[in-house]
Amino acid sequence: MPLLESWIADRTRNFDSSGIRKMFDLADKLDDPINLSIGQPDFDVPDPIKSKMIQAVEDGFNGYALTQGIPTLRGKLQEAIDLEYGDPDRKVFVCSGTSGGLFLSALAMINPGDEVIFFDPYFVMYPALVELVGGVPIKLSSYPDFQIDLEALEQAITDRTKMIIVNSPSNPTGVCYSQDVIQQVAELADRKGICLVSDEIYSRFSMDNEHLSPASYNKKTVVIDGFSKTYAMTGWRVAYVHGPSKIIDTMIKIQQYTFVCAPHPAQVASVYAMDFDITPYIDTYRQRRDFMVEELRNYYEFVKPGGAFYLFPKLPWGTGQQFVERAIDNNLMVIPGSIFSDRDTHFRISYAVADEMLERGIKVLKQIAKP
Ligand code: PMP
């Protein structure tokens, strides 16, 4: 084995990021593409929140923050969580992005050989996350309705099952689990003594119903949520995790020696962001969703999404690669479903774009719906 190759740790070998990188490389080559591939809001951080960030830098909040988060932000989050769950053992800390929270959960709880169940299609990070800590990813299909098949889940649980990861509203499907599914998964995990991790980064992007967390039915659920999508601050890296204090304390201990803290000035601005009303943004996203669903319903087969800002239609013909190439020939970028799945039967559209771009994208999608 060549020397440099031999330096690469085994834990990195079971996953790659070539699919998604290929997409970004392609996007780079297109001149002014109709880009329906992006997983972040199209609105910028609202001005008053930006001002708080600038002011925080000018006021000197530029050094390390306390590992568990600045007291004002952590206190405000804890207050909201206490109000919602009323559980004295539910503790919160601030982490560096939801990705950071997911990584710390994996480091804190997964031993080599432990099985981690999540649902296919899945957020791209999950398989890599589990592999990185030596866990075994168990992908359970949620096709065709993208809900959880409780019987299949129960059957997939073994003596080695350590964790179940759920994500509702979901990336890439936009689907929200029904109240019934959330309750049953929560109770099943509790009954079996398995850790339930709930990735709720799209919690504010629930279009039809109030967001519901499995933590309402299972006190031991570890909830990961963040500010990235809510306030369009994906580059600011502020998120939080709440759950049983024993688990949270372990995650804080690991954060101390890894991420150290979430960016300090961004935490200061996030205290203010928590009071900022984003309802108008969500209303806009709902309108766009309804528009897109209405426009595409006679051209593509899909489950109407209840949240996030994605639609995950079935490929109307060919493979994901063939379909995406045709889209690119027409200056349109969408993502093949195989990036998020063991299947190559769907594709992801993000409608987090300006109305005008969405309209242009829909026009192309209608044109390429037939081979
Ligand atoms: N979970 C899901 C389901 C996501 O879609 C994303 C972002 N694409 C993340 C986590 C990571 O978000 P963050 O910017 O907070 O790390």
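Student: Quick one to start: is leucine 3 buried or exposed?
Tutor: Exposed, because its relative accessible area is 56% and the cut-off for that label is over 50%. Keep in mind that this is a predicted model.

Student: OK, and where does leucine 3 sit?
Tutor: In helix 1, which covers residues 3-7.

Student: Which residues make up the nonpolar surface patch?
Tutor: Leu3, Leu4 and Trp7, and together they have about 400 Å² of accessible area.

Student: Switching to the sheets. What's the strand order in the seven-stranded one?
Tutor: That open sheet runs 2-8-7-6-5-3-4, and the pairing is mixed. Strand 2 (90-95) and strand 4 (136-141) each have a single partner strand, so one side of each is left without a neighbour in the sheet. On average, neighbouring strands are turned by 20° against each other, direction ignored.

Student: How do strand 3 and strand 4 pair?
Tutor: In the parallel sense, over six bridges, with strand 3 spanning residues 115-120. Within that pair, valine 116 stands opposite proline 137 of strand 4.

Student: And which strands does helix 9 touch?
Tutor: Helix 9 (residues 245-256) packs on the sheet and touches strand 2, strand 7 (222-226) and strand 8 (239-244). Its direction makes about 20° with that of strand 2.

Student: What about the three-stranded sheet, what's its order?
Tutor: 9-12-11, open, with antiparallel pairing. Strand 9 (310-311) and strand 11 (335-336) are the edge strands, each pairing on one side only.

Student: How many bridges join strand 9 to strand 12?
Tutor: Two, and strand 12 covers residues 347-350. Leucine 311 has isoleucine 349 in strand 12 as its bridge partner.

Terms used:
Residues are numbered from 1 along each chain as its sequence is written. This is a predicted model: local features need pLDDT of at least 70, side-chain atom pairs count only at pLDDT 80 or more; totals for chains, interfaces and linings use all residues. Side-chain values use heavy atoms; hydrogens and water are left out. Two strands pair if DSSP finds at least two bridges between them. Helices (H or I, at least four residues) and strands (E, at least two) are DSSP runs, numbered from the N terminus. Axes are lines fitted to C-alpha atoms, for helices over the stretch in contact, and angles run from 0 to 180 degrees between N-to-C directions. Contact means heavy atoms within 4.5 Å. Patches are made of residues with over 30% relative accessible area and no salt bridge: like charges are joined within 9 Å, nonpolar side chains (Val, Leu, Ile, Met, Phe, Trp, Tyr) within 5 Å. Accessible areas come from the Shrake-Rupley method with a 1.4 Å probe; for residues, only the protein chains shown count as cover. A salt bridge is a side-chain nitrogen of Lys or Arg within 4 Å of a carboxyl oxygen of Asp or Glu. Buried means under 20% relative accessible area, exposed over 50%, partly exposed in between (1.4 Å probe, protein chains only).
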